[in-house]
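Biologist: Let us go through the labels one by one. Each should be set against its cut-off.

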Amino acid sequence: MLPKITVITPVYNGEKHLEEAINSLINQQYPNLEYIVIDAKSTDETPGIIKKYKDFINVIISEKDKGTNDACNKGFKIATGEIIGLLNADDRYENNVLHRVAEEFIRDKELDCVSCGAQIISKDIDGKYVQQKIFRGNDLELNLQSVLACPITDARFLKKSVIDKHNGYSALDKFGQYIIASDKEFFIRLALDKTKNKSFDEIGYTYLSHKNSQTFTNNNKNIARMRLEHMDMYERFLAEYHLKSHEKSIFKTHHRKESVRFAWMDIKHLNLKRAFTTAKRGIKINNLLWIIRFIFWPIQIGVKKISRIIRSKKNV
């Protein structure tokens with residue numbers, strides 16, 4: 001018998017893409033499915049879309065929350081499936097992914113997590129979907145390096161027992177609000193706990209990048225918030241966890257990368273005070289290595305731009 005999978009969709013004002021997300025789940029035709037939709041009191045046509053599919057949705061919660069991660073935690077608590085998946089309201093499932101995930105869990109009873117290939121897409125000026133980036137199985141290994149390097153989190157399916165063991169998404173900011181990167185923080189804890197994961201290359205999850213996306217966005221405010229959260233997170237793990245030397249090195253490398261990018265972003269926008277503060281934090285963690293990376297960062301960006309121009313001319 002196929003294991004029961006619970007899929008959770010948190011949504012707020014998701015009228016543009018919610019129906020496509022729901023249909024991608026319906027098209028999976030997975031027989032042992034529980035579907036939970038958590039709506040944070042949307043003010044657009046989202047409630048109407050949810051009502052349209054109420055016979056397919058097992059649980060509907062409509063109430064104010066503290067953001068996406070708070071909504072996910074509500075879903076985790078009431079889920080009755082052995083396996084949990086998250087489907088954002090502006091994303092979709094692909095290629096019979098639920099059956100493939102179930103097969104992996106059946107094949108290896110010791111697995112705690114199964115990760116599928118994923119892609120990021122966006123719409124061009126004609127409204128057509130364009131593929132931006134693909135992530136394969138090795139990108140989604142549940143080790144510290146992969147979790148820190150790869151922004152993909154919802155292409156992972158977890159046993160509910162693992163989510164319960166690690167208390168779900170629990171990272172809060174100084175104001176008691178869930179951080180945007182609470183999901184990333186959660187998977188860092190899983191990686192440090194050596195959670196057993198199996199990955200496969202076939203694309204099973206599609207992220208839609210758009211201007212209102214929190215993770216995949218060109219919005220400078222969201223980018224700044226994410227980089228600050230990542231720096232805070234890495235510093236907390238370095239200070240509070242008994243890490244092995246290679247784990248410390250991985251955190252320091254990613255802190256250096258985030259803080260250098262953030263400092264240059266602020267310099268570009270003439271936010272020199274914050275850039276100086278970021279530099280101090282970076283140097284405190286990485287010493288001379290931070291200064292070297294900071295100096296060579298514009299050169300590295302320039303080389304990448306030139307390479308892209310050369311490649312584009314070759315393809316013409």
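**Helix packing and cavities**

Modeller: Start with α8 and α9. From α8, the contact takes N220, I223, A224, R227, L228, H230, M231, Y234, E235, F237 and L238. Their partners in α9 are K248, F251, K252, H254, H255, E258, S259, R261, F262 and M265. By class, this contact holds ten nonpolar, five polar and six charged residues. Keep in mind that the model is predicted.

Biologist: What makes these residues count as a meeting of α8 and α9?

Modeller: The cut-off is heavy atoms within 4.5 Å. The residues just named from α8 and α9 meet by that test.

Biologist: At what angle do the axes of α8 and α9 cross?

Modeller: Roughly 150°, and the axes come within 9 Å. Helix α8 spans residues 220–240. The label needs an angle over 145 degrees. So α8 is roughly antiparallel to α9. The crossing of α8 past α9 is left-handed.

Biologist: Why is α9 called roughly antiparallel to α10?

Modeller: Helix α9 (residues 245–268) packs on helix α10 (residues 272–286) at about 160°, with the axes 8 Å apart. The angle passes the cut-off of over 145 degrees, so α9 counts as roughly antiparallel to α10. This crossing, too, is left-handed.

Biologist: Which residues of α9 meet α10?

Modeller: K252, T253, H255, R256, S259, F262, A263, D266 and I267. They meet L272, R274, A275, T278, R281, G282, I285 and N286 in α10. The classes come out as six nonpolar, six polar and five charged.

Biologist: What makes G282 polar in that count?

Modeller: The rule puts Gly among the polar residues. G282 is one of the α10 residues in the contact.

Biologist: How do you know whether α8 and α10 are parallel or antiparallel?

Modeller: Their angle is about 25°, and the axes lie 12 Å apart. Roughly parallel needs an angle under 35 degrees. The value falls under that, so α8 and α10 are roughly parallel to each other. Helix α8 passes α10 in a left-handed crossing. In α8, the residues that meet α10 are A224, L228, M231, D232, E235 and L238. In α10, R274, T278, R281 and I285 meet them. Five of these residues are nonpolar, one is polar and four are charged.

Biologist: Now the cavities. How many are there of 30 Å³ or more?

Modeller: Three. The largest cavity holds about 90 Å³, which passes the 30 Å³ cut-off. The second largest passes as well, at about 60 Å³.

Biologist: What lines the largest cavity?

Modeller: Its lining has 13 residues, with L86, R156, L158, Y169 and F187 nearest the centre. At least two lining residues come from each of β4 (83–86), β8 (156–159) and α7 (182–192). The lining has nine nonpolar, two polar and two charged residues.

Biologist: Which residues line the second largest cavity?

Modeller: H17, E20, D90, D91, R92, I121, Y129, T206 and L208. Three are nonpolar, two polar and four charged.

Biologist: What makes Y129 nonpolar here?

Modeller: The class rule lists Tyr with the nonpolar residues. Y129 belongs to this lining, so by the rule Y129 is counted as nonpolar.

Notes
Residues are numbered from 1 along each chain as its sequence is written. This is a predicted model: local features need pLDDT of at least 70, side-chain atom pairs count only at pLDDT 80 or more; totals for chains, interfaces and linings use all residues. Side-chain values use heavy atoms; hydrogens and water are left out. Axes are lines fitted to C-alpha atoms, for helices over the stretch in contact, and angles run from 0 to 180 degrees between N-to-C directions. Helices (H or I, at least four residues) and strands (E, at least two) are DSSP runs, numbered from the N terminus. Angles under 35 degrees count as roughly parallel, over 145 as roughly antiparallel, 65 to 115 as roughly perpendicular and the rest as oblique. A crossing is left-handed if the near helix is turned anticlockwise from the far one by less than a right angle, and right-handed if clockwise. On a 1 Å grid over the protein atoms alone, a cavity is a set of points where a 1.4 Å probe fits but cannot get out, and a pocket is an open set with protein on both sides within 12 Å along at least five of seven lines; lining residues have an atom within 4 Å of a point. Grid points are joined across faces, edges and corners, and a volume is the space filled by probe spheres set on the points.
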